[in-house]
Every structure is written in C-alpha cells, then in structure tokens.
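Student: I should like to take a close look at a single part of this chain and then see how that part fits into the whole. May I put the request once the structure is in view?

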Amino acid sequence: MENNDRSVTMEKITSLAKRKGFVFQSSEIYGGLSGAWDYGPYGIELKNRIQRFWWKEMTQLHDNIVGLDAAILMHPRVWEASGHVENFTDPLVDCKKCKARFRADQIDPEKLQKHECPECGGELTDTRKFNLMFKTHIGPVENDSGLIYLRPETAQGIYVNYKNIIQSNRMKIPFGIAQVGKAFRNEIVTKNFIFRTCEFEQMEMQYFVKPGEDEKAFEYWKNERWNYYKKLGIRMEKLRWHQHGKDELAHYAKDAYDIEYEFPMGWKELEGVHNRSNYDLSRHQEFSGKDMQYIDQDNGNERYIPYIIETSAGLTRQLLMVLCDAYEEEKIADNGNEDDWRTVLHFHPLLAPVTVAVLPLMKKDGLAELAQDIRNELKEDFVTDYDQAGAIGRRYRRQDEAGTPYCITIDYDSKEDGTVTVRDRDTMEQKRVHRSELRAYIHEQIKQYKRK
Ligand code: ATP
C-alpha cells in the first residue's frame with residue numbers, strides 16, 4: 001500500500017536517525033534519559049564534518065580569527081560576572097492536575113493569566129524562576145565553598161582568555177576567537193529530538209572590535225553567517241532572520257538577530273548573531289579586578305574595553321537542521337508499489353558520513369576481491385563503505401538513505417578494461433570511469449557540487 005504522506009516529520013527523522021546509526025537515545029536500555037542523546041557511527045561522522053566545515057570557514061578563511069579550547073569547569077565567579085547566576089533563568093509553571101511542566105513564556109498568555117493548563121485545563125501554579133545552570137561540587141566535601149557549574153555557554157571561556165591570546169599570538173583588534181565545545185542547560189522542556197537538550201555542543205566565535213566599529217562588524221558577521229549556509233548547500237528559502245525585540249534582548253545585548261530554520265515543527269532559532277557591547281569584559285574587569293582594556297599600540301596607546309560581536313550556533317541543532325534539510329522521499333518509478341519511492345539524504349558531499357560506497361555486482365568471479373582492492377585505493381582520500389549483500393538496487397537504496405553521494409559498482413567489464421561505474425546519489429546517473437582516474441574524478445565532483 002502506498003503511504004501518501006511524503007513530507008518530512010520529526011518522527012521520520014528520529015526513526016531514520018536510530019535505524020541508520022546517527023543518533024540513539026541516551027541510556028536506552030534503562031528507559032532513556034530525557035535531554036541527552038548519543039551519536040552513533042554515522043552521527044559522529046556527520047557531527048565532526050559539520051564542525052570541521054564551520055572551523056575552516058571561521059578560522060582558516062579569516063586571517064584574524066584563532067581557535068581555543070577552554071575547560072568546561074570554570075571559576076564560579078565567572079558566572080556571577082557574566083550575569084548567569086542572577087539572570088540565566090526560565091519562568092516555570094506546573095499543572096497541579098496533570099503534573100505537566102511548562103516554560104511560562106511558551107504558553108498562550110491568556111491561559112497563563114487564567115492559570116489554565118494548556119494540556120488538561122487544570123490549574124497552574126504561579127510562575128517561578130528557575131536557574132538553568134547545572135551545579136556540582138569540586139573536591140570531596142559537598143558544601144558551598146566547592147560549588148561549581150557546568151558551563152551553559154562556551155563564550156565565557158573565550159572572554160577570560162582574551163588577554164592571554166593577545167599576548168601569546170600578538171593579535172590586534174579587530175580579531176576573533178573561535179571555539180567548539182559542550183554546554184549544559186537544565187532545560188525545563190526537552191522535546192523535538194535533539195533540538196533542545198540538556199547537554200549539547202556549541203560553535204561560537206567572539207569578535208573583538210573598537211567601540212564605534214561594532215555596528216559595521218555586526219553587519220559584516222550577519223552577512224558572513226548567512227553565506228555560510230549557502231555554502232553548506234542548505235535550501236535558502238528555509239532560512240530567515242529574526243530580530244530580537246526590546247523585551248527579548250538579553251541583559252548584555254545591544255542588538256541581536258537569530259537565523260531561523262523552518263523545521264518540521266515550525267520556524268525555530270538555529271544560531272544567534274549578537275552585539276554584546278562591552279558588557280562582558282567590563283564585568284570581568286569589575287569582578288576579577290584585572291585590567292581588561294585593550295592597548296592600541298598603533299594609536300598612541302589608546303585604551304578601551306572592546307565591544308564584542310558574537311556568532312553563536314548549536315552544533316547538535318545544526319546537525320538536526322542538516323538532517324531535516326537533506327531528507328527527501330522521492331518518486332523514482334511508477335509501478336504502484338512502495339518500491340517506486342526512495343528515501344534519500346541530500347547531504348553536501350563534504351558532510352556525508354560516507355563519501356564513497358564500493359559495491360561488487362557479484363561476490364563471485366573475483367569481483368569482490370577487485371572491489372576490495374579499489375576500496376583500499378580510495379581509503380586514504382575518502383571515508384568508504386563496502387557492501388556486497390543483496391541486489392544492487394537494494395544496496396543503492398541503503399546508501400541513499402545514509403546520504404552517500406557516490407556509489408562505485410564493479411562489474412564484469414571492470415575485470416576486462418579497468419573501468420567502473422560511478423552512480424550519483426542525487427541524479428542517479430551512472431558514468432564509466434577508469435579506476436586510475438577515480439580519485440581525481442570524485443574530488444572534482446565534490447568541488448563542483450551544487451544542491452539540485
Ligand atoms: P532559547 O531562548 O531557545 O532557550 P537561547 O536564545 O538562550 O535559546 P543562545 O544562548 O543564544 O540560545 O544559544 C546559542 C545557540 O546554542 C542557539 O542558537 C542554539 O543553536 C544552541 N542552543 C541553545 N540552547 C540549546 C539547547 N538546550 N539544546 C541544543 N542547542 C541549544
């Protein structure tokens with residue numbers, strides 16, 4: 001029977017992610033832990049590749065941006081200075097009847113005012129503030145003197161190192177520091193798969209500028225971040241800007257825009273580009289007692305506290321976006337049965353977990369050995385897979401579902417003349433290429449890739 005709903009849904013993405021080894025529920029055999037997920041063999045490849053793509057874009061392609069990997073655990077005063085101890089809260093309400101828990105800012109204001117549960121109509125508690133930082137203790141005694149936090153953002157690790165990096169790497173303003181790492185938030189509501197989780201990864205870049213130059217830099221980074229998604233092959237009609245209104249602006253922000261993506265559950269934030277003013281460094285100067293001013297040696301030792309433009313993206317959220325954006329159920333035949341359809345992930349070839357799958361048409365007659373041999377030749381350059389099980393059509397479908405951009409098939413002619421077929425995932429067209437030219441051919445295909 002044909003199933004008519006061919007659109008992408010979160011259920012389909014979650015189920016595909018598990019079936020193909022992208023993402024598993026954390027501690028599944030114990031019933032799972034909400035807000036935490038494990039990345040399987042394909043998931044870790046995809047995550048690493050998104051990270052590498054971002055890292056190259058931000059550091060290698062920008063002469064004045066350098067990297068950092070700061071510790072997750074930091075001095076607790078950092079979070080007082082940053083304002084997180086005081087302000088990093090969400091408004092929380094509970095339903096007294098069905099016990100459901102909500103973020104007050106995410107329910108209908110009318111229902112909130114009437115204290116009416118959006119799920120069961122029962123009575124809601126008053127709104128109370130809830131701090132999202134995870135607390136733990138350092139050292140053997142669990143008292144307040146050892147209280148520390150799991151960082152809720154990677155940005156602060158950058159701010160506290162800004163002077164170190166100026167000194168060690170002779171950076172001059174304007175310059176940026178990029179970092180990828182784990183962050184933790186005790187989110188009240190974790191739903192929509194890996195969209196909002198308690199443990200996640202961020203890719204952040206903090207750009208230090210002279211006060212007065214901030215608005216120009218802000219425009220520059222908005223543009224750069226938008227173009228990044230173009231390069232990544234994302235469907236641009238699925239992206240839009242959202243400017244924070246006065247009531248949405250964080251305590252530190254002068255101006256803030258989010259890039260939103262149209263996920264199956266609606267338009268949601270993907271990353272933020274923020275003008276954080278000189279708030280962060282001024283606060284660290286105040287709380288640490290250390291001079292956080294920049295000394296401009298090219299301008300008569302002029303001193304100032306730099307403004308910061310931040311680009312803050314969720315790596316794991318971007319992975320979800322990439323999965324949703326790549327997903328398609330495509331009609332490829334008209335026989336009136338389920339085999340007319342294929343599920344395909346149109347990943348950019350630089351992101352696909354496997355770049356090349358090598359498939360011998362038959363196991364026998366030396367084809368399997370020849371295929372293994374060709375796979376070995378390609379391994380140095382590409383992540384490869386090998387599959388000899390089942391009909392060739394089925395094997396192509398399996399690779400389509402994993403988003404593998406190129407399948408190489410070894411047949412009887414390959415034994416005679418050394419050529420193989422290369423099948424393109426998106427067009428399904430096949431081309432005969434001599435094995436001696438395979439590496440160059442695939443590199444060229446990747447370079448020329450354009451989303452169809
Ligand atoms: P929200 O208001 O939705 O809770 P936020 O605006 O506080 O999120 P930021 O602090 O700006 O989010 O975080 C920057 C980026 O980090 C977000 O754009 C998102 O991609 C990612 N991110 C934030 N919180 C989470 C989370 N709980 N799970 C996954 N990714 C997250």
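Student: Which residue follows helix 9, and what is the sign of its phi? Please begin there and continue to the surroundings of the helix.

Tutor: The model is a predicted one. Helix 9 is followed by G289, and the phi of G289 is positive, near 75 degrees.

The helix itself spans residues 279-288, and its buried residues are D280, L281 and H284. These residues cover an arc of only 90 degrees around the axis, so they lie on the same side of helix 9. The cover over the buried residues of helix 9 includes helix 3 (76-81), helix 6 (155-159) and strand 16.

On the other flank, the loop between strand 13 and helix 9 contains S277. The phi of S277 is near 55 degrees, a positive value in a residue other than glycine. Most residues other than glycine have a negative phi, and most peptide bonds are trans. S277 counts as partly exposed because it has 19 C-beta neighbours inside 10 Å, where a buried residue would need 20 or more.

Two further backbone features may be set beside S277. N301 also is not a glycine and has a positive phi, of about 55 degrees. N301 belongs to the loop between strand 14 (294-296) and strand 15 (302-304), and with 8 other C-beta atoms within 10 Å it is exposed. The other feature is a cis peptide bond between I173 and P174, with omega about 5 degrees. P174 lies in the loop between helix 7 (162-169) and strand 9 (175-184).

Strand 13 and strand 16 lead from here to the ligand. The ligand has 16 residues around it, of which F200, G272, S312, G314 and R317 come nearest. Two or more residues of this shell are given by each of strand 10 (199-209), strand 13 (266-275), strand 16 (307-314) and helix 10 (315-326). Strand 13 supplies the largest share, four residues. By character, the shell consists of three nonpolar, six polar and seven charged residues.

Helix 10 also leads to the largest nonpolar core. This core has 76 residues, and V322, L323 and I408 touch the most other members. Helix 10 gives the most to the core, with eight residues. Domain 1 (10-73 + 153-323) and domain 2 (354-448) both contribute residues, and therefore the core lies between them. In soluble globular proteins, nonpolar side chains tend to be buried together. When residues up to four places away in sequence are left out, I408 touches V356, V358, L359, I374, V420 and V422.

The chain as a whole provides the setting. The C-alpha centres of domain 1 and domain 2 are 37 Å apart, and the C-alpha trace of the chain spans about 75 × 65 × 45 Å along its principal axes. The secondary structure comprises 14 helices and 23 strands. Of the 452 residues in the chain, 33% are buried. Among contacts between residues at least 6 apart in sequence, 63% join residues at least 24 apart.

Notes: Residues are numbered from 1 along each chain as its sequence is written. This is a predicted model: local features need pLDDT of at least 70, side-chain atom pairs count only at pLDDT 80 or more; totals for chains, interfaces and linings use all residues. A residue is near a molecule or strand if its C-beta atom, placed from the backbone, lies within 6 Å of it. Ala, Val, Leu, Ile, Met, Phe, Trp, Tyr, Cys and Pro count as nonpolar, Asp, Glu, Lys and Arg as charged, and the others, Gly among them, as polar. A nonpolar core is a set of buried Ala, Val, Leu, Ile, Met, Phe, Trp, Tyr and Cys residues joined through C-beta atoms within 7 Å. A residue is buried if 20 or more other C-beta atoms lie within 10 Å of its own, exposed if 12 or fewer, and partly exposed in between; C-beta atoms are placed from the backbone. Domain bounds come from an automatic or database domain assignment. Two residues are in contact if their C-beta atoms, placed from the backbone, lie within 7 Å. The arc is that of the directions from the helix axis to the C-beta atoms.
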